[in-house]
Amino acid sequence: MMKSWKFLMMGFAAALLTVSCGGDGGQDDPTPPTPPTPPQPEVKLVLSSDKTEITADGTDAATLTVKLGDEVISSGYTIHDSSNNTVTLTNGKFTTTTEGNYMLRASYNSKSSNTITITAVKPNSGNPTPPDPDANNLNFKRRVLMIQFTGTGCQYCPYMINMLNDMLPKEEVKNNSVFVAVHSYNNTDPAFLGAAGQGLVFQTGITGYPTLNFDFNVNSQQSNSVEYNEKILTAQLNRTKALVGISATSVYDAATRTVSLKATVKAAEEGEYRIGAWVIEDGIKGTQTNAGAPGNWKDYIHNSCVRYCDSKQSATDYSGHDLGKIAKGATVEYNFSIQLAEKLVSDNCRLIVFVTSPEILGTRKAQLVNNVINVPLNGSVAFEYLQ
């Protein structure tokens with residue numbers, strides 16, 4: 001009887017324990033803990049400018065604005081150059097009489113801003129772009145930009161080089177295109193373009209070598225057929241009409257190795273446009289790796305090599321500098337100041353100037369070349385109209 005009572009008491013205790021652990025014990029729910037206060041976003045110091053390019057004449061000015069969050073800081077800040085020297089402003093305006101790229105940042109109290117770049121170009125008022133031969137005409141001649149992606153270490157590239165040597169001299173091809181070569185395959189190539197070349201590879205979607213690109217749009221890896229690539233050229237030429245015409249004047253200062261280029265863009269249709277200028281060099285000697293294409297490839301002379309790109313939007317976008325919206329029939333000028341590297345032979349150099357515009361391709365929007373011209377290092381090119 002005592003044993004039974006003992007077991008009964010043990011069972012009763014276990015039941016009480018179950019109720020205690022599984023229920024709320026008759027008590028209210030505990031008050032939930034107060035969530036931590038989220039961290040406040042950092043208030044950043046931001047430097048901006050109303051211009052990215054000015055004329056180095058001591059008068060043309062870029063107005064700088066310094067903001068701490070949403071608050072405009074009107075005094076007490078300091079502007080620094082890339083060497084951390086203090087830059088003096090007049091009423092918030094930056095001017096200079098010296099050409100070059102100025103990398104500027106602001107400091108205020110203990111904060112430092114982003115860095116902006118302002119390009120100061122040589123005054124070019126004495127070298128205007130050529131007069132418009134037909135001011136009321138908007139029916140511009142259009143050309144396609146053809147870019148060969150290549151390299152001296154690319155063993156199959158000689159096949160495309162041979163194809164291009166047959167294709168490019170053809171009158172219809174010369175009249176309707178501007179050809180350049182981007183050496184982006186191997187960094188031992190004497191014409192290797194570097195970061196700009198890799199950016200263009202990404203931008204144009206290059207997946208193999210050799211490749212021929214048309215207007216930042218269509219790629220061809222067909223190395224053996226002139227006819228095949230001519231059909232692509234014709235299709236790209238007819239893809240769109242010339243929405244703009246381009247005229248330009250370039251002046252080369254041998255003493256400073258500076259190219260001062262003024263380009264004028266005239267719109268046949270209102271739109272948002274971008275502009276770019278590239279330095280092109282002929283006569284670069286470099287032995288070409290070859291997988292059996294006919295020809296002598298030792299100390300081969302490479303022509304039309306892109307050596308410098310002044311058209312950078314980002315590391316993977318070289319579609320040009322923003323011109324903004326241009327009204328139909330209106331013109332906009334853009335000045336470039338380009339320093340030729342010492343390794344470039346100026347007598348072998350020329351420029352190309354191109355304008356891009358947004359196009360809808362299926363479901364995507366792309367910034368494609370609409371028109372392009374060749375420009376001598378010292379010389380001018382007028383607007384060209386269809387006959």
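# Salt bridges, rings and a covered strand

Mentor: Lys241 counts as partly exposed, at 47% relative accessibility. The model it belongs to is predicted.

Trainee: Which residue forms a salt bridge with Lys241?

Mentor: Side chains of opposite charge can pair when their charged atoms come close. For Lys241, the closest N and O atoms of the pair are 2.9 Å apart, and the partner is Glu269.

Trainee: How many residues apart are Lys241 and Glu269, and where do they lie?

Mentor: Lys241 is in the loop between α5 and β14, while Glu269 is in the loop between β15 (258-267) and β16. The pair therefore links distant parts of the chain, and the separation is 28 residues. Glu269 counts as partly exposed, with a relative accessibility of 30%.

Trainee: Which residues do salt bridges that share partners join into one network?

Mentor: One bridge to look at is Asp215 with Arg239, where the closest N and O atoms are 3.1 Å apart. Asp215 lies in the loop between β12 and β13 and Arg239 in the loop between α5 (226-237) and β14 (244-253), 24 residues apart. The network is made up of Arg142, Asp215, Arg239 and Glu359.

Trainee: Is Asp215 buried or exposed?

Mentor: Its partner Arg239 counts as partly exposed at 22% relative accessibility. The cut-off for buried is under 20%. Asp215 has a relative accessibility of 0%, so Asp215 counts as buried.

Trainee: How many residues apart in sequence are Arg143 and Glu384?

Mentor: The side chains of Arg143 and Glu384 meet in a salt bridge of 2.7 Å, N to O. Arg143 lies in the loop between β9 (111-121) and β10, and Glu384 lies in the segment after β24 (379-381), so the pair ties together parts of the chain that are apart in sequence by 241 residues.

Trainee: How many salt bridges does a search of the whole structure find?

Mentor: The pair Arg143 and Glu384 fits the rule, with 2.7 Å from N to O against a cut-off of 4 Å. For the whole structure, the search gives a total of 16.

Trainee: Are the rings of Phe140 and Phe383 stacked, edge-to-face or tilted?

Mentor: The count of aromatic pairs comes to 9. For Phe140 and Phe383, the ring centres are 5.9 Å apart and the planes are at 50°. Planes under 30 degrees apart count as stacked and over 60 as edge-to-face, so this pair is tilted.

Trainee: Which residues form one aromatic cluster with Phe383?

Mentor: Phe383 counts as buried at 8% relative accessibility, and Phe140 counts as buried at 3%. Lys266 lies over the face of Phe383, at 5.8 Å from the ring centre. The cluster joins Phe383 with Phe140 and Tyr385.

Trainee: How many of the residues of β11 are buried?

Mentor: Ser177, Phe179, Ala181 and His183 point one way from β11, and Val178, Val180 and Val182 point the other way. Both groups are buried. The count for β11 is 7 of 7.

Trainee: Which residue of β11 is the bridge partner of Leu145?

Mentor: β10 and β11 pair in the parallel sense, over 7 bridges. For Leu145, the bridge partner in β11 is Val178.

Trainee: Which strands do the buried residues of α4 pack against?

Mentor: The buried residues of helix α4 (195-204) are Ala196, Gly197, Gly199, Leu200, Val201 and Thr204. Just after α4, Gly205 takes a positive phi of about 70°. The strands that the buried residues of α4 pack against are β10, β11, β12, β13, β16 and β19.

Methods
Residues numbered from 1 in each chain as written. Predicted model: local features only at pLDDT ≥ 70, side-chain atom pairs only at ≥ 80, totals over all residues. Heavy atoms only, no water. Buried < 20%, exposed > 50% of the residue type's maximum accessible area, 1.4 Å probe, protein only. Helix = DSSP H or I, 4+ residues; strand = E, 2+ residues; numbered from the N terminus. Contact = heavy atoms within 4.5 Å. Pairing = 2+ DSSP bridges. Phe/Tyr/Trp six-rings, centres within 6.5 Å; stacked < 30°, edge-to-face > 60°. Lys NZ or Arg CZ within 6 Å of the ring centre and 35° of its normal.
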